[in-house]
Amino acid sequence: MTHRTWFLLLLGFFLVWAVALGIAPLYRHDWLLENVLSLAAVILLFSTRKSFTLSRLSYALIFIFLFLHELGTHYTYAEVPYDPWWQSAFGYSLNEALGFERNHFDRLVHFLYGLLLAYPVREMFIRVADVKGFWSYFLPLDLTMSTSMLYELVEWAVAEVFGGELGMAYLGTQGDVWDAHKDMGLASLGALLAMLVTAGMNGWLQRDFAREWNESLRVKHAKPLGEDEIRRMLDEADRG
């Protein structure tokens with residue numbers, strides 16, 4: 001199966017899933033707000049399927065996350081009934097067994113945001129920015145942390161703009177004043193684990209892993225930048 005066929009197959013399954021869950025969501029307005037980013041992601045992936053085809057693994061990781069996100073948008077993240085499902089399947093409450101006092105589906109998805117998407121981001125950095133060694137593992141982690149922070153700011157802004165039940169449903173803090181901090185921390189942890197596993201695999205399989213790592217940390221340009229670089233550019237302009 002080609003990479004593009006794999007992508008179209010995943011996209012087809014996702015569209016069926018999204019339409020099914022979009023027929024009667026618990027809160028229609030919250031569903032619409034939550035799906036803005038999903039729609040943007042699908043459009044981006046579809047429009048770049050030929051010019052920037054990702055690996056099958058990256059596509060699979062991205063769509064697993066989107067599938068889970070759609071489940072959260074159907075019920076709202078705070079009300080996904082995973083505990084009743086667990087009780088029906090195994091005969092006991094998962095929340096009670098683990099001592100949970102709230103719905104933790106949102107925590108899971110924030111963790112998986114980092115765990116599942118850090119690898120596709122790493123592929124993008126390597127293929128577009130030509131990063132190597134240390135930076136090919138650090139930058140996906142860094143981007144995960146910064147986008148998690150940005151998303152929490154967007155949630156806060158949306159809650160302020162819309163207010164009321166819609167704002168609270170979108171925010172989904174469930175009364176936890178540290179909700180945003182925990183969400184960002186879990187996303188960062190997920191990305192860190194993904195990059196540690198990736199580095200471990202590459203260290204095992206890649207013969208020049210240590211050399212590439214060390215080379216990525218070597219100073220490439222000895223001269224300082226800042227005001228020194230401005231002076232050099234001005235001098236070159238004067239000579240030109």
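Leucine 141 is placed in helix α7, helices being DSSP runs of H or I with at least four residues, numbered from the N terminus. The model is predicted, so that local features need pLDDT of at least 70 and side-chain atom pairs count only at pLDDT 80 or more, whereas totals for chains, interfaces and linings use all residues. Residues are numbered from 1 along each chain as its sequence is written, and side-chain values use heavy atoms, with hydrogens and water left out.

With a relative accessible area of 16%, leucine 141 is buried, a class defined as under 20%, against over 50% for exposed and in between for partly exposed (1.4 Å probe, protein chains only). Not counting residues up to four places away in sequence, leucine 141 touches Ser188, Ala191 and Leu192, contact meaning heavy atoms within 4.5 Å. The C-alpha atoms of leucine 141 and leucine 192 are separated by 6.1 Å, although the two residues lie 51 residues apart along the chain. Helix α7, which spans residues 134–162, also holds valine 154, and this valine counts as partly exposed because its relative accessibility is 35%.

The largest nonpolar core (buried Ala, Val, Leu, Ile, Met, Phe, Trp, Tyr and Cys residues joined through side-chain atoms within 4.5 Å) has 25 residues, of which Leu45, Phe63 and Phe105 touch the most other members. Two or more residues are given to this core by each of α1 (3–22), α2 (28–47), α3 (56–75) and α6 (105–129), and α3 gives the most, with 7 residues. Apart from this core lies another, of 8 residues, among them Tyr137, Ala191, Ala199 and Phe209.
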